[in-house]
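Please look over the model below before reading on. My comments follow it.

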Amino acid sequence: MFASRLVKGILILGLMLSAGFAQGPAKLEGWSYHTDNGYLSEEWADKTGKALCDGDRSRKGTTIYSGGTITIDIDLGKPARVTSVVAHASRPNNNYRLRTFTVLAKSLGHFQPVGSVEGFWGPTKQRDFALEVKDLDVTTDQLRLVFDTPSILCLQEVEIFGAPAGSAAAAEIRLAPVNAAQPSAREADVDGDGKPEVILENSLVRLIFWPAAGGVCRSFLYKPAQAELTATADPRYGLLRDQLWSPNYSFAGRPYDYRTGGDARSAWVELSTSGAGGMMSFTRLTKRIQIERDSPIVRVHYRLLNDPSSQTEYLYGLWFHHFSGVAGGANRYFVPTTEGVREFRFDPGTGDKGSEVWYREPARGWTAVVGAKGAGLAMTLDYKYLNCFYHWSGVGVPVATHEWRFNR
Ligand SMILES: [Ca+2]
Ligand SMILES: [Ca+2]
């Protein structure tokens, strides 16, 4: 049997989205770091705690770490879009060996590898190395540098390049709402990057999808309250980001095909893509989003297809990922559990650094969020498939995630 599943969900109600970075990459300053690794000896210790970020790349300020794999955690102090990391290392002789230098970034509460380069292993004449992990595009406030070495490592300096992230540098969506009774689905380049977005709009709601970037809905305007119901500092996120928890996979980096349609009472957009690599190449995800005349209800139908040409039976665990809520104030999130309706709050404006919570015993197929001024979003979903709910919030995000997973 080939696994194929038709699932559906309904979004009821619905918005401000900002993303993008106006500034070019530059060397990031003002960060701090720490390590749990020891030093070769007192002589080679990091006496100031700033040896890796004091601007001195000479051997004079060398720190020699010991202990095998060396891990250095970097706190950027505030979110930044990181584009490259350079570690200035040296090998006084060929006994100093380094298999790889890997950069991890904390994203949504977890460290994920974002890039890696080879070090030095066999004999070399070269003694000084600028190990550059480049072409990164990750927004984070914390990095982890992992040096895979059998014993010791000589480091002089670390340089991090990127641009500060934040609403001040955000690209704005300049698109006036259309006050037509007739629902519509249309294309426009709302962020000026030359690639079309798709706009679904009626008299009450307006949703904007980015087919070129994972088919994510990065703007959901609820017109009666002039409320934007999603917000992120990272253009890869928003509402209706498509992921799998089993296997762990995201479609957010994939380009989506799309088509639009409708009639006198409705309008829809259908976005679809295939994954990349292995079984994912045979996996086709399609979501159809439909609105009706004079209704704030948005219906979303998902279809996940294992193409028969894969010749393989496969189990999928769908993962629905959203950043929901109204930016610029407190948001309250509600989840029905077997122990009653639970509430999760996030208010970054009051210094709330965020938290996370799992709800592993959901009792009904709905969940909701409401912002400080009363506008919000309620979502219903197929309870029979529901496995769990999850929220995450943290430094640098304006609203929390609003996630759920389906059983495999
Ligand atoms: Ca230095
Ligand atoms: Ca565009």
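The points below take up the basis of the model, a metal site and the domains.

1. This is a predicted model, in which local features need pLDDT of at least 70, side-chain atom pairs count only at pLDDT 80 or more, and totals for chains, interfaces and linings use all residues. Residues are numbered from 1 along each chain as its sequence is written.

2. The calcium ion (ligand 2) has protein donors at 2.2 to 2.5 Å: Asp 189 (OD), Asp 191 (OD), Asp 193 (OD), Lys 195 (O), and Glu 197 (OE) listed twice. Donors are N, O and S atoms within 2.8 Å of the metal (3.2 Å for Na, K and Ca); water is not among the atoms, so sites may look incomplete. Along the chain, the donors of this ion are spaced D-x1-D-x1-D-x1-K-x1-E.

3. Two of these residues are partly exposed (20% to 50% relative accessible area, 1.4 Å probe, protein chains only): Asp 189 has 34%, and Asp 191 has 26%.

4. The domain assignment, automatic or from a database, gives domain 1 (4-20 + 170-406) and domain 2 (26-166). Their centres, taken over C-alpha atoms, are 37 Å apart. Domain 1 brings 12 residues to the contact (heavy atoms within 4.5 Å) and domain 2 brings 9.

5. About 770 Å² is buried between domain 1 and domain 2, with 53% from carbon and sulfur atoms. Buried area is the accessible area (1.4 Å probe) that two parts lose on being put together, summed over both. Arg 236, Trp 392 and Val 395 supply 40% of what domain 1 buries against domain 2.

6. Between domain 1 and domain 2 there are 0 salt bridges (side-chain nitrogen of Lys or Arg within 4 Å of a carboxyl oxygen of Asp or Glu).

Key. Chains lettered and ligands numbered in written order. Heavy atoms only, no water.
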